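Below is a model to be read by way of its aromatic rings, one helix, a surface patch and its overall dimensions.

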Amino acid sequence: MNNSMSPLLESVVLLVRRAGAELLRYFRAPVSQLGVAHKGPRDLVTRADNASETVLIDGLRAMFPEDTIVAEESGRLSNENERDAGANPDAATWYIDPLDGTTNFVHFHPVHSISVARYINGIGSLAVVLAPALDECFGAERGRGCFWNGRRVRVAAEVEMRDALLATGFSYARSELGSGGLDCFRVVLERCRDLRRCGSAVLDLAYTAAGIYGGFWEYHLKPHDVAAGALLVAEAGGRVTDVAGGTDFLFGGSIVVGAPFVHSELLEILRRGPGHPGAPR
Ligand code: IPD
């Protein structure tokens, strides 16, 4: 397997780094400059999200004019073919999250990230994740492995849950709280070495790919939250499923990833969770 990133992946990394520079122009600037607006009671959007998204959309449109783009703030943007001659079912789709961890960003917290992923017929083909304030960059291409700051990485090797650091997150709707999600949280917390909730699902997935976390799970995530990170984990040798153990992690609203032993144990706990959205009925 090649030990360096391909020119294609490198070119997308450069684009994402340009978007990262936009985020850093706003990071820890006076809150009045951020233009914070509410998409929901807790769900925020800022000028930084929009500036980053504009760089990404313009760049990807120039590089891949035939591809469809689905971006967190702008929604679905059709490709050249669709605009000119109707839908192209074979078109590749980019899922973009211009700023994952907006709440952290608004509170000057350095754990936030950018995520872009290209899927062809529903299968991940290329992914880049950047945490600009931490200067950490992750990239993967299908069949070519996963890279962290240019170095090939794999998920934590043969680690069991009791020796693993894990991560999770909670949706802004807090839907998990009334449906058994906290019970699962407590069971996992008791079984693992420790558990983090850092506020960027994209980065949680990337850290799992890099072997920092043994595993990660979350409910109610959207495709732009998971598309890139799922490919990173898979290319780093990890397991990626929905909470029922199936493959519907992109649109199904739940994802469980990890090193093989941890993933099995995590899945077992989550599937048994009382009244949980993922529990067998
Ligand atoms: C959020 C983060 C957080 C996760 C939330 C997401 P956003 O993304 O990924 O870690 O727990 O479910 O919505 O809204 O900050 O881009």
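**Aromatic pairs and their surroundings**

Q: How many aromatic pairs does the count come to?
A: Rings of Phe, Tyr and Trp (its six-membered ring) pair if their centres lie within 6.5 Å; planes under 30 degrees apart count as stacked, over 60 as edge-to-face and the rest as tilted. By this rule the count comes to eight.

Q: Which kind of pair do Tyr95 and Tyr119 form?
A: The ring centres of Tyr95 and Tyr119 are 5.7 Å apart and the planes stand at 85°, so the pair is edge-to-face. Tyr95 in strand β5 (residues 93–100) and Tyr119 in strand β6 are 24 residues apart, and the pair links distant parts of the chain. Strands (E, at least two residues) and helices (H or I, at least four) are DSSP runs, numbered from the N terminus. As for the kind of pair, Tyr95 and Tyr119 are edge-to-face.

The model is predicted: local features need pLDDT of at least 70 and side-chain atom pairs count only at pLDDT 80 or more, while totals for chains, interfaces and linings use all residues. Residues are numbered from 1 along each chain as its sequence is written, and side-chain values use heavy atoms, with hydrogens and water left out.

Q: Is Tyr119 buried or exposed?
A: Buried means under 20% relative accessible area, exposed over 50%, and partly exposed in between (1.4 Å probe, protein chains only). Tyr119 has a relative accessible area of 4%, and its partner Tyr95, at 9%, also counts as buried. Tyr119 is therefore buried.

Q: Which residues form one aromatic cluster with Tyr207 and Tyr213?
A: Tyr207 and Tyr213 make a tilted pair, 5.8 Å centre to centre with 50° between the planes. Both are buried. The cluster that holds them is completed by Phe138 and Trp148.

Q: How many of the 13 residues of α7 are buried?
A: Helix α7 (residues 223–235) reaches 18 Å from its first C-alpha to its last, close to the 18 Å expected at 1.5 Å a residue (1.5 Å times one less than the number of residues). Its buried residues include Pro223, Leu231 and Glu235. The helix is mostly covered, and the number buried is twelve.

Q: What is the radius of gyration of the protein?
A: The protein has eight helices and 15 strands. The globule rule (2.2 Å times the number of residues to the power 0.38, with the radius taken over C-alpha atoms) gives 19 Å for 281 residues, so the protein is as compact as a globular protein of that length. Its radius of gyration is 18 Å.
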